Amino acid sequence: MRARYGASPVHLLAHLILLPLIAWALLTVLDFRAASNVVLWLVAAVILHDLLLLPAYSALDRLGQATVRGAINYVRVPLGLSLLMLLVFWGTIRGKGEGAYRNVSGLEYEGYVARWLIVSAALFAISGALYLLRRRKT
Amino acid sequence: MAKLAPSSPRTPPGPFRPGFWRSPLRGPWLTSALGSILLVLIGIVALTGFASHAAYMPNLPGNAIVPADRDLPLLFDWPTSPIWLYAFNQGLHTNVGLIAIPFLLAKLWSVIPRLFAWPPVTSPAQAIERLSIALLVSSAVFELATGVANAQYWYPFKFNFVVAHYYGAIVFVASLVLHVIVKTPVVLRAYRERGVLKPLRDNLENTRPEPGDEHGGLVATDPAPATMSRRGLLAFAGAGAFTLLVANVGQSIGGPFRSLAFLASRREDFPVNKRAAAAGVTADMVGPSYQLVLRNGDAVVALSREDLLALPQHKARLPIACVEGWSTTQEWTGVRLSDLAARAGAQNASQVLVESLQPKGVLRRASLSGDQIAAGDSMLALKVNGEDLSMDHGFPARIIVPALPGVHNTKWVGEMTFS
């Protein structure tokens with residue numbers, strides 16, 4: 001079994017039980033509206049992360065390492081946190097949800113860009129202060 | 001770069017070559033550590049997610065968004081106490097979901113060389129495993145992306161969010177269970193060989209590639225010098241989690257924390273989730289001619305707002321929480337649902353269908369269970385914080401039931417049908 005299949009019977013059994021459940025969930029969701037859009041999103045999720053986001057931040061990191069040798073983490077960490085906030089709160093920072101939000105609440109999305117920039121600046125300031133402090137010590 | 005990584009002449013160039021991936025941090029221990037952290041976080045997100053699905057009580061009339069005959073048999077009667085149960089559930093679901101994002105990014109970074117393994121398939125077991133990994137990564141990113149977008153009122157997709165997020169969760173959890181079954185021996189071996197926490201002791205100078213990795217292909221064959229320790233990497237992901245938490249959690253906790261939630265979409269003290277104008281409810285519909293209609297079989301009772309105010313009034317401080325994770329606690333005053341049931345001649349009603357004056361649209365009606373009608377603090381609220389409800393908060397009358405998902409607290413109530 002192991003020689004032919006390449007893993008233990010538990011491996012095969014687990015897949016035989018759970019892959020049909022996954023297939024059922026996928027077939028069911030495709031029965032609702034906009035099936036092709038669900039497929040597009042599922043496929044795009046992997047492609048965008050593995051072939052776009054990860055190579056992009058790896059290239060940025062490499063560029064950073066070449067530019068600020070020795071002090072990379074003092075740039076990498078605040079920049080990483082800032083970009084993480086931008087990625088996760090794209091909807092509020094870029095005002096993407098503004099129309100729907102105004103419709104449900106009667107209010108405006110306000111100040112998100114400013115607050116994101118202020119917090120990012122504060123992170124860089126803390127990082128810079130730590131850098132100076134540690135360089136003084138050594 | 002003294003030694004070149006071994007690769008067969010047929011191996012395609014670039015990321016398919018073992019020497020391409022050079023970080024000295026990658027290895028079975030790092031991936032195991034990130035996987036263990038994620039398992040706890042994702043476990044919380046999944047449990048609270050399925051609990052929230054049950055909290056909508058899809059088995060009652062008008063409540064199901066996913067049709068009952070296409071649902072999993074995982075439903076149970078959602079309780080009315082503690083009163084903060086739904087607020088807590090959704091606070092966990094959304095905020096732990098955010099915390100999981102940086103750890104998922106780190107986890108995916110740690111295993112990226114595996115995507116480019118060459119040859120791509122060496123056995124039937126590996127082929128089937130790669131399929132389940134593709135489903136796992138795809139559904140994980142899908143769930144987090146759709147959840148985050150929904151909480152920010154951003155709908156860049158054409159599908160129904162609830163339906164896709166629910167079935168996506170089933171794909172995600174099932175492929176995660178598979179992953180855990182397959183990888184537990186690998187994780188245990190990594191912990192046994194390297195210690196569970198021991199690699200965290202290494203500072204930057206002592207950070208070396210993990211020794212030996214005959215099964216994985218994760219450890220770099222041509223490692224670059226370390227620029228960050230392993231504990232540094234975990235702290236980086238943790239700092240990301242902390243930043244996202246601070247940016248958002250205030251909308252779930254409320255009080256003074258609300259203004260700290262600098263990127264959350266709900267920073268107001270008493271959010272409105274559906275304005276009267278947006279719902280199509282006009283001043284005429286709730287004017288002096290307004291009557292609440294109670295039905296019980298053929299019996300019909302009609303009550304004006306004055307009639308309702310003349311009934312015994314109950315007061316309670318209750319949180320109302322949205323599936324999107326925000327919550328607010330207010331002092332509500334109104335008529336107990338059990339008193340209304342008695343008025344309608346349905347003392348022991350097993351359910352009630354509550355319909356809004358809202359002419360059309362989703363969530364214009366919702367059913368409550370017998371327990372929810374009977375709960376002492378369940379009421380048809382007429383006032384909030386001592387003042388008449390505003391139009392946007394459901395004037396002339398709205399449902400408030402402890403621990404009920406926010407949108408099921410129907411506003412502008414026009415009819416209640418007991419059975």
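**A walk from surface patch to core to strands**

Start by selecting Leu30(A), which sits in the loop between α2 (9–29) and α3 of chain A (helices, H or I, of at least four residues, and strands, E, of at least two, are DSSP runs numbered from the N terminus). This is a predicted model, where local features need pLDDT of at least 70, side-chain atom pairs count only at pLDDT 80 or more, and totals for chains, interfaces and linings use all residues. Residues are numbered from 1 along each chain as its sequence is written, chains are lettered from A and ligands numbered from 1 in the order in which they are written, and side-chain values use heavy atoms, with hydrogens and water left out.

Leu30(A) is partly exposed, at 35% relative accessible area (buried is under 20%, exposed over 50%, partly exposed in between; 1.4 Å probe, protein chains only).

Next, select the 57 residues of the largest nonpolar core (buried Ala, Val, Leu, Ile, Met, Phe, Trp, Tyr and Cys joined through side-chain atoms within 4.5 Å). Those with the most contacts inside it are Val88(A), Phe89(A), Ile101(B), Phe103(B), Leu244(B) and Leu263(B). Its largest share, twelve residues, comes from α2(B).

Now move to strand β7 (residues 379–384) of chain B: five of its six residues are buried, so the rest of the structure largely encloses it. Show β4 (residues 327–336) of chain B too, and you will find it antiparallel to β7(B) over five bridges (strands pair if DSSP finds at least two). There, Arg336(B) has Met379(B) as its bridge partner. On β9(B), Ile400(B) is the bridge partner of Met379(B).

Finish at the hairpin of β7(B) and β8(B), with two residues between the strands; Asn385(B) in the turn has a positive phi of about 55°.
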